[in-house]
Amino acid sequence: MLTGTAARRRVRVAGVVQGVGYRPFVYKLAVDLGVTGWVLNDPQGVLIEVQGADHALDAFTDGLTALAPPQARVERVAVTRDVVPVPGEDAFTIRASGLGGDRSAIVPADSYVCADCLAELRDPADRRHGYPFINCTNCGPRYSIVRALPYDRAQTTMAAFTMCDPCRAEYEDPLDRRYHAQPNACADCGPRLTATAADGSAVDGPAALDAAAAALARGEVVAIKSVGGFHLAVDARNGAAVARLRSRKRRDAKPFAIMVRDLATAAEVTAPTPGEVELIDSPARPVVLARKRPGALPGTIAPRNPNLGVMLPSAPHHHLLVDRPGLDVLVMTSGNISGFPIEYRNADALARLFAVADLVLHHDRDIEVRVDDSVVRWSSHPELDEPVVSFLRRSRGYAPYPVDTGVPLTPVVAYGAELKTTVALSHGTRVYLSQHIGDLKNDETFESHRRTARHLADLHELAPRVAATDLHPQFRATRFAVGEQPVDEVHRVQHHHAHMASCMAENRVAGPAIGVVFDGAGYGPDETTWGGEFLVGGYADAVRVARLRRLPLLGGDQAVREPIRTGYALALDVFGEPGAAVAAFPALAELDEQRRHVFATMARRGVNAPPASSMGRLFDAVAALLGVCSLAEYEAQGPIELEGLLDRDHTLAAPDPRYRFDRTPVDDLVELDPAPVVRALADDLAAGVGTPELSRRFHSAVVRVVAEECALIAGAPGAPRDVVLSGGVFLNEFLLLNCLVEVRRAGLAAHCQRQVPTNDGGIALGQVLVAHARSTQAGSAQDRSAQDRSATGGTAP
């Protein structure tokens with residue numbers, strides 16, 4: 001028992017400290033150091049009162065960060081020292097969760113199967129041997145099952161399962177690895193697997209897993225309910241099975257991801273770098289792009305692509321499947337019908353997925369929040385000080401972790417873009433970014449978008465009175481925010497300004513900055529399509545100072561699906577006549593004479609041919625002109641395959657004065673014209689230069705125009721020196737790395753996106769910051785107006 005002269009401190013720990021074993025860790029730390037007091041969860045995180053000698057308390061508070069559990073992310077430890085000691089206190093206890101107050105705790109993301117649980121899963125002597133829902137405080141589902149904070153079992157979908165006595169004993173023992181592991185269960189009391197065939201017949205338990213494994217071994221397609229939704233799986237070593245999945249899903253070219261048994265298997269089919277291995281093996285278990293080993297797997301898994309998306313199992317039943325002989329590599333792609341979000345409810349999966357699958361492996365632990373796989377790329381360049389980790393999709397394992405901007409923010413809800421959309425809400429200095437939701441092309445995805453916004457707001461008891469959405473008046477999210485949401489302010493944020501602000505925010509660039517924003521399309525304030533923009537400004541507003549020369553999109557959106565249309569428009573713009581265009585680029589001969597005539601007329605008269613200053617469409621056009629991709633099955637197929645020819649070699653082509661963009665003042669800005677680059681490509685193509693080298697020369701020309709234009713903009717008096725690179729085109733690894741290098745070589749500070757996707761998945765973050773800046777600016781103006789009226793004896797209207 002400690003004496004009454006002992007010191008007492010109150011400690012507030014913020015960050016990812018719920019659902020990760022933090023309270024039992026605190027308990028063990030206190031017991032080891034011989035201090036007394038208590039710890040509890042509340043909506044703000046973890047609250048502790050601790051009493052003992054000063055040296056023990058110092059060691060205790062230091063250990064809260066230095067010794068934290070592997071899944072914890074301690075953001076802040078705030079200590080209050082003038083707390084009155086409690087006489088006679090002789091133990092340290094874990095108290096029941098507190099429910100009141102501000103909800104600023106961070107919901108933990110879904111996590112892998114830890115080494116301890118995996119060992120038990122494979123141990124015939126363990127009571128959880130082969131149990132497909134094994135977990136502990138260090139691993140397992142979190143965000144996908146949580147309904148409310150604080151993170152307690154009663155507020156998750158595990159509330160439907162009553163623990164048996166052995167599980168309850170573990171759950172209540174502070175020294176047990178499963179102390180307050182909310183999904184804790186075993187075969188006697190927890191969720192069960194079921195395998196259902198197309199005829200409605202079903203088997204449960206271990207037999208369900210056997211049925212799924214047998215179906216995969218026969219080359220059949222199996223829909224598997226995973227952590228955040230369903231996957232469609234086939235044996236990746238079986239080319240016929242891969243072809244069957246492609247045919248049924250109507251997906252001829254888009255790469256599939258694979259799941260491998262372990263890192264050794266990953267190394268057999270890909271050649272991952274050490275950085276990629278670290279990402280593959282991380283608790284988030286994302287899909288990581290790694291260079292594929294030619295011939296190791298059927299080429300149809302990722303045609304015309306040097307990479308394979310590879311991941312390790314993220315759920316216990318994944319391990320139980322890939323542990324089976326002959327099933328060490330599975331194709332695992334989103335379990336959905338094309339154009340719709342992934343299925344995550346059993347009834348919907350059983351009603352829809354038999355259009356693709358032969359068997360559905362599901363279970364009775366409900367998923368509260370649909371969460372796709374995250375897709376990540378690890379990149380390096382010899383002239384960069386550190387690697388660049390880029391999100392192509394930020395979802396399972398990372399959502400809903402916030403971005404901390406470092407500045408207090410107005411409470412804002414941002415609805416993102418129309419494609420690859422996410423939702424964001426600000427609270428304090430944080431912006432909580434949702435998981436990937438998808439393209440708002442149908443009612444089901446739009447309802448998922450609305451439900452996600454409500455869920456995030458409810459978790460943190462937020463009711464923002466400020467909303468942010470895209471400038472485009474026809475976007476569904478824009479109409480929803482403007483017409484249906486009970487908010488006081490709606491800020492419509494131009495698409496590329498939001499990209500720019502997103503990159504500024506995560507890099508804590510206060511502004512102003514130069515924004516280089518390259519993507520496929522975004523609605524401009526002039527009601528034209530933007531996408532190859534140089535902006536200067538800050539969060540409240542930005543001005544376009546340069547743009548790519550506009551090209552007509554022949555047929556509007558149809559040009560995105562048929563890049564050969566944009567290639568033909570570009571060649572016509574440069575060479576003037578259809579015959580000259582086809583002579584320069586023989587790939588255009590794919591268009592028959594009648595289509596060439598019709599398209600030329602459309603371009604000349606501007607009929608159904610809206611102009612676009614889009615770098616994404618320029619990449620489309622060049623891919624078509626070089627014969628790489630004339631028809632696109634999936635978004636950015638041409639640019640992806642054009643970059644794929646570089647085989648992840650980031651060496652710039654030698655400087656060539658022919659490969660340059662003309663720079664011309666037009667309407668108070670600078671227009672960058674790719675015509676000289678197109679002529680050089682035609683000349684080199686005729687001279688027999690190979691397509692991979694032509695791709696490198698084109699990519700290098702784009703890198704150089706970025707660096708040169710940024711240097712010219714920054715050279716103006718008072719111009720900013722920070723450059724932010726954003727937009728979906730910067731998912732191009734060659735372009736991103738070399739632009740960072742060349743812009744910095746020009747003496748400027750170059751920044752890219754690492755915490756959120758550079759594509760439209762990061763738009764919502766930027767929208768929050770723009771809305772905050774404008775709302776704050778408007779509030780300040782109103783305050784100044786009121787002060788002026790008061791000073792002059794005026795009255796408010």
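Me: Which helices do the buried residues of α17 pack against?
Reply: The buried residues of α17 pack against α15 (563-575) and α16 (578-584). They are Arg-596, Phe-599, Ala-600, Thr-601 and Met-602. Contact here means heavy atoms within 4.5 Å. Buried means under 20% relative accessible area, exposed means over 50%, and partly exposed is in between (1.4 Å probe, protein chains only). Please keep in mind that this is a predicted model: local features need pLDDT of at least 70, side-chain atom pairs count only at pLDDT 80 or more, and totals for chains, interfaces and linings use all residues. Residues are numbered from 1 along each chain as its sequence is written, and side-chain values use heavy atoms, leaving out hydrogens and water.

Me: What makes α17 count as a helix, and how do you know that its length agrees with the expected span?
Reply: Helices are DSSP runs of H or I with at least four residues, strands are runs of E with at least two, and both are numbered from the N terminus. Helix α17 has 13 residues (593-605). The expected span is 1.5 Å times one less than the number of residues. That gives 18 Å, and the end C-alpha atoms are 18 Å apart, so the two agree. Just after α17, Gly-606 takes a positive phi of about 70°.

Me: Why are α15 and α18 called roughly perpendicular?
Reply: Their axes come within 7 Å and cross at roughly 90°. Axes are lines fitted to C-alpha atoms, for helices over the stretch in contact, and angles run from 0 to 180 degrees between N-to-C directions. Under 35 degrees counts as roughly parallel, over 145 as roughly antiparallel, 65 to 115 as roughly perpendicular, and the rest as oblique. The pair is therefore roughly perpendicular. Among the residues that meet are Leu-570 in α15 and Leu-618 in α18.

Me: Is Pro-674 buried or exposed, and how do you know?
Reply: Pro-674 has a relative accessible area of 5%, so it is buried. It sits in the loop between β29 (669-673) and α20 (675-686). Leaving aside neighbours within four places in sequence, Pro-674 is in contact with Leu-548, Arg-549, Leu-570, Leu-618 and Phe-661.

Me: What class of accessibility does Ala-636 have, and what class does Asp-667 have?
Reply: Ala-636 has a relative accessible area of 30%, so it is partly exposed. Asp-667 reaches 67%, so it counts as exposed. Ala-636 lies in the loop between α18 and α19 (637-644), and Asp-667 in the loop between β28 (662-666) and β29.

Me: What is notable about phi in Ala-636 and in Asp-667?
Reply: Most residues other than glycine have a negative phi. Ala-636 has a positive phi of about 65° although it is not a glycine, and phi of Asp-667 is near 50°, also positive in a residue other than glycine.

Me: How do you know that β24 and β27 pair?
Reply: Two strands pair if DSSP finds at least two bridges between them. Strand β24 (529-537) and strand β27 (611-614) have three bridges and run in the parallel sense. Here Gly-531 stands opposite Ser-614 in β27. Strand β26 (551-552) pairs with β27 in the antiparallel sense over two bridges, and Pro-552 stands opposite Pro-611.

Me: What makes β17 and β22 edge strands?
Reply: Six strands form an open sheet in the order β17-β20-β19-β18-β21-β22, with mixed pairing. The edge strands β17 (402-404) and β22 (489-493) each pair on one side only.
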